[in-house]
Amino acid sequence: MRIACIGGGPGGLYFAALMMQLDSTHEITVWERNAPDDTFGFGVVLSDETLGGIELADPTVYRAMAREFACWDDIDIHYRGEVVTSGGHGFAAMSRVRLLQILQERCRGLGVTVRFREEAPPAATLAREFDLVVAADGVNSPTRSAHPDVFAPDLDVRRCKFMWLGTDLVFDAFKFYIVETEHGVMQIHGYPYDTTMSTFLVEMNEDSWRAAGFDRVAPAELPPGESDLESIAMCEKLFAGILGGHALVPNNSKWANFTTVRNRTWRNRNLVLLGDAAHTAHWSIGSGTKLAMEDALALAASLHEQPSLDAALRAYEDERRPVVASTQRAAQASLEWFENLGQYLHQEPPQFAFNILTRSRRVTHDNLRLRDPEFAGRVGAWFADHEVRRGVAPGPVTGPPPRPAAPPMFTPFRLRDLELKNRVIVSAMDMYSATDGSPTDFHLVHLGSKALGGAALVMTEMVCVSEAGRITPGCGGMYTPEHEAAWERIVDFVHAHTTAKIGLQLGHSGRKGSTKLMWDGMDEPLPDGNWEVFAPSPVPYRPEVNQVPRELTHADMDEIRDQFVRAARMGEQAGFDLLELHCAHGYLLSSFISPVTNHRRDSYGGSLANRLRYPLEVFRTVRDVWPAHKPMTVRISATDWVEGGVTEDDAVRIAAAFAEAGADVIDVSTGQVTPEERPAFGRSYQTPYADRIRNEVGIATIAVGVISSYDDVNSIILAGRADLCALGRVHLYDPQWTLHAAAEQGHQGPGAEWPVQFQAGSRRPQTGRTEGPKPRLQLIREGEPQTRHQRWRPA
């Protein structure tokens with residue numbers, strides 16, 4: 001093949017070298033507009049996985065790189081005058097200059113033509129002359145820009161300002177410095193990459209950047225290769241305490257905002273994007289060079305393995321896109337964590353350190369227990385003591401308990417007079433199995449089995465406050481004496497046979513009512529209309545499909561408010577331990593809050609304060625009749641996932657309003673307000689909203705949404721992102737999920753008591769032996785596993 005490669009960075013050069021090794025008859029030309037030694041940047045960090053791939057694909061390149069590596073294991077978090085260290089992480093870094101020199105030399109030896117100081121011809125021209133054009137031309141890719149209709153790029157410019165610098169201060173580990181200045185908080189990301197230099201990356205939000213005066217000295221534009229020397233001099237003064245007399249070293253160093261690049265496709269006939277041209281992921285998870293070199297390996301392999309160019313490019317994108325998407329999700333979580341750094345500055349050093357280490361959700365509580373069990377143990381012991389000190393867990397304030405502490409998910413939690421034995425909630429899940437609003441034997445078994453399964457709190461489905469307030473004919477209700485008696489039977493079982501508590505979720509379907517059972521057609525209207533639906537405005541859930549709701553009058557609103565009050569009183573009579581007001585998912589109270597569904601022109605529409613007026617009225621009247629010693633929570637949709645809807649900033653104000661009205665906890669969900677929504681679905685995808693509300697508003701939160709492992713629960717609770725976790729589908733899969741989570745973690749005792757009838761099964765069943773026993777002397781010599789704490793000590 002005749003192959004043109006636009007861009008001589010690590011991805012482009014590595015691809016060219018791999019292709020020539022696979023077939024030396026290829027004719028490959030690389031265009032690089034800069035000189036061979038005119039590289040920008042400082043150090044690059046590569047993962048064990050990436051290095052393993054390089055070692056297998058090109059041992060020559062790997063051996064040359066290995067001779068240059070700065071290797072270490074520790075991460076130091078410098079925060080509030082303390083240094084918290086976590087080991088066992090395993091880093092390998094090297095100079096970007098040396099990496100390029102190694103790849104350039106490898107390409108020369110293999111016969112690749114590299115044209116330095118030369119702009120590549122337009123990609124369209126090259127595409128006519130070459131069999132394949134690989135665009136590895138960076139984040140500002142001219143190739144991508146020339147074909148916007150094909151690649152459909154999505155460029156997400158983020159909020160923080162950052163600058164890449166080097167320093168002759170050689171760090172001995174990866175360093176996070178959290179620097180609280182009179183201008184605001186700033187952070188330094190630093191790591192060594194050879195015997196004489198370290199990367200020194202400065203980042204801060206724009207408010208801090210402006211308050212420090214950088215906006216007054218930073219040039220709007222600089223010629224390529226030039227650095228913002230005045231800003232760098234200011235940084236040397238700001239961070240003199242870190243530098244200790246060492247200098248900052250510029251190299252094309254200037255302020256920038258990170259841009260996350262996504263494309264609808266990476267290929268166009270015989271043209272393909274690679275590396276930053278195709279995708280970017282925030283540097284805080286060290287991914288740019290890593291992704292580019294992995295792209296190069298996958299593209300070369302696909303071209304070698306597939307029968308045609310089209311099949312090869314399709315296979316390349318099919319292989320890489322899921323990996324990149326996963327990395328981008330982790331990077332997005334990490335960059336947002338740093339954008340919102342200020343909301344964590346109240347945390348004590350142990351929790352802050354755990355939080356920063358687990359920010360991307362790739363490093364977790366379990367992962368840290370493996371990497372550094374001593375660190376995980378110290379943080380766990382701190383957490384157990386902290387929860388007692390802040391009054392949400394029982395026990396004397398006597399300092400950290402003897403280690404090992406219980407896993408965070410098995411720490412108790414107090415809400416008013418209600419004590420929950422652990423942090424796990426069985427989510428409210430509609431079962432669509434009630435008869436005329438009355439729960440049946442199915443509900444008794446469903447909720448009873450979940451209560452026996454170890455969760456601290458079991459929530460009912462959304463229990464509707466009137467017949468017309470049901471979603472479907474199978475929805476449960478609380479508006480007749482028969483309903484109260486049927487629910488009381490279930491409550492009595494939970495209280496008599498389990499140590500769980502049970503909560504009642506009250507709601508009204510609003511415009512989403514009068515629909516079929518879920519398995520007959522979710523959100524589809526009943527064939528004969530059946531009953532009239534209501535909403536703040538006459539806006540149907542789906543035009544031409546669902547009913548146009550009748551706009552509520554003030555009298556209607558008063559009636560529905562009183563229905564909530566009646567249901568709350570009945571819930572107290574039935575013995576429920578907690579009450580939750582459902583103000584999420586596009587049901588009636590939610591539809592008042594969202595501007596997508598509330599178009600009213602009276603005092604209940606318009607501004608967010610007006611749109612909150614009716615839900616708050618309902619909340620206050622219900623709180624007045626709900627016993628003062630029992631907690632009350634509110635479920636909200638923290639975003640509508642649609643332009644013009646409720647935003648994350650709105651969610652903070654919504655939560656604050658309910659907190660001021662007397663809510664004890666905010667149950668933070670998202671969406672389901674409009675079928676036009678486009679959620680950013682993924683693991684724990686709603687947790688960041690609970691995190692921000694908890695740490696900004698100062699109210700307890702429940703995290704919910706694709707939290708599927710005990711490791712996720714432990715990580716969320718210990719990092720302070722939420723106080724409780726609600727899990728739904730995992731409890732459908734395994735009603736004893738919480739007890740099994742305890743067994744998997746070797747935890748017995750408080751918060752994980754097995755029913756006496758089940759205690760014989762409280763240990764994980766034995767399986768076939770996978771290996772023979774180790775010799776006794778070997779066990780003695782090995783002893784306890786030791787955490788790696790290697791630090792970079794240049795010779």
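Which residue takes a positive phi in the hairpin of β5 and β6?

## The β5–β6 hairpin

In this predicted model, the residue is R80, with a phi near 55°. The hairpin leaves two residues between its strands. Strand β5 covers residues 75–79 and strand β6 covers residues 82–86; the two run antiparallel and are joined by five bridges. One pair to look for is D76, whose bridge partner in β6 is T85.

## Helix α2 and its surroundings

Let's turn to helix α2, residues 48–57, where T50, L51, G53 and I54 are the buried residues. Viewed down the helix axis, these buried residues fall within an arc of 160°, so they line one face of α2. A general point helps here: an α-helix has 3.6 residues a turn, so residues three or four places apart point the same way. The face of α2 turned away from the buried side carries the exposed residues D48, E49 and L56.

What do the buried residues of α2 pack against? Their partners are three helices and two strands by name: α1 (10–22), α3 (59–66) and α12 (288–305), along with β3 (43–46) and β7 (91–95). With α12, the packing angle is about 35° and the axes lie 10 Å apart. The crossing of α2 past α12 is left-handed. On the α2 side the contact is made by T50, G53, I54 and A57, and on the α12 side by K290, M293, E294 and L297.

## The parallel barrel

Further along the chain, eight strands close into a barrel with parallel pairing, in the order β20-β21-β22-β25-β26-β27-β28-β29. On average, neighbouring strands of this sheet are turned by 25° against each other, direction ignored. Within the barrel, β26 (residues 632–637) and β27 (residues 665–669) pair in the parallel sense over five bridges, and V634 stands opposite I666 of β27.

Helices lie across these strands too. Helix α17 (residues 441–452) lies across β20 (424–426) and β21 (457–464), at about 150° to β21. Helix α24 (residues 687–697) lies across β26, β27 and β28 (700–704), and runs at about 175° to β28.

## Cysteines without disulfides

How many disulfides does the structure hold? The count is zero. For C475, the closest cysteine sulfur belongs to C464 and is 4.9 Å away, too far for a bond. C475 is buried, at 0% relative accessibility. For C160, the closest cysteine sulfur is in C235, at 14 Å, which is also too far for a bond. C160 is buried as well, with a relative accessible area of 4%.

Terms used
Residues are numbered from 1 along each chain as its sequence is written. This is a predicted model: local features need pLDDT of at least 70, side-chain atom pairs count only at pLDDT 80 or more; totals for chains, interfaces and linings use all residues. Side-chain values use heavy atoms; hydrogens and water are left out. Buried means under 20% relative accessible area, exposed over 50%, partly exposed in between (1.4 Å probe, protein chains only). Helices (H or I, at least four residues) and strands (E, at least two) are DSSP runs, numbered from the N terminus. The arc is that of the directions from the helix axis to the C-beta atoms. Contact means heavy atoms within 4.5 Å. A disulfide is a pair of cysteine sulfur atoms within 2.5 Å. Two strands pair if DSSP finds at least two bridges between them. Axes are lines fitted to C-alpha atoms, for helices over the stretch in contact, and angles run from 0 to 180 degrees between N-to-C directions. A crossing is left-handed if the near helix is turned anticlockwise from the far one by less than a right angle, and right-handed if clockwise.
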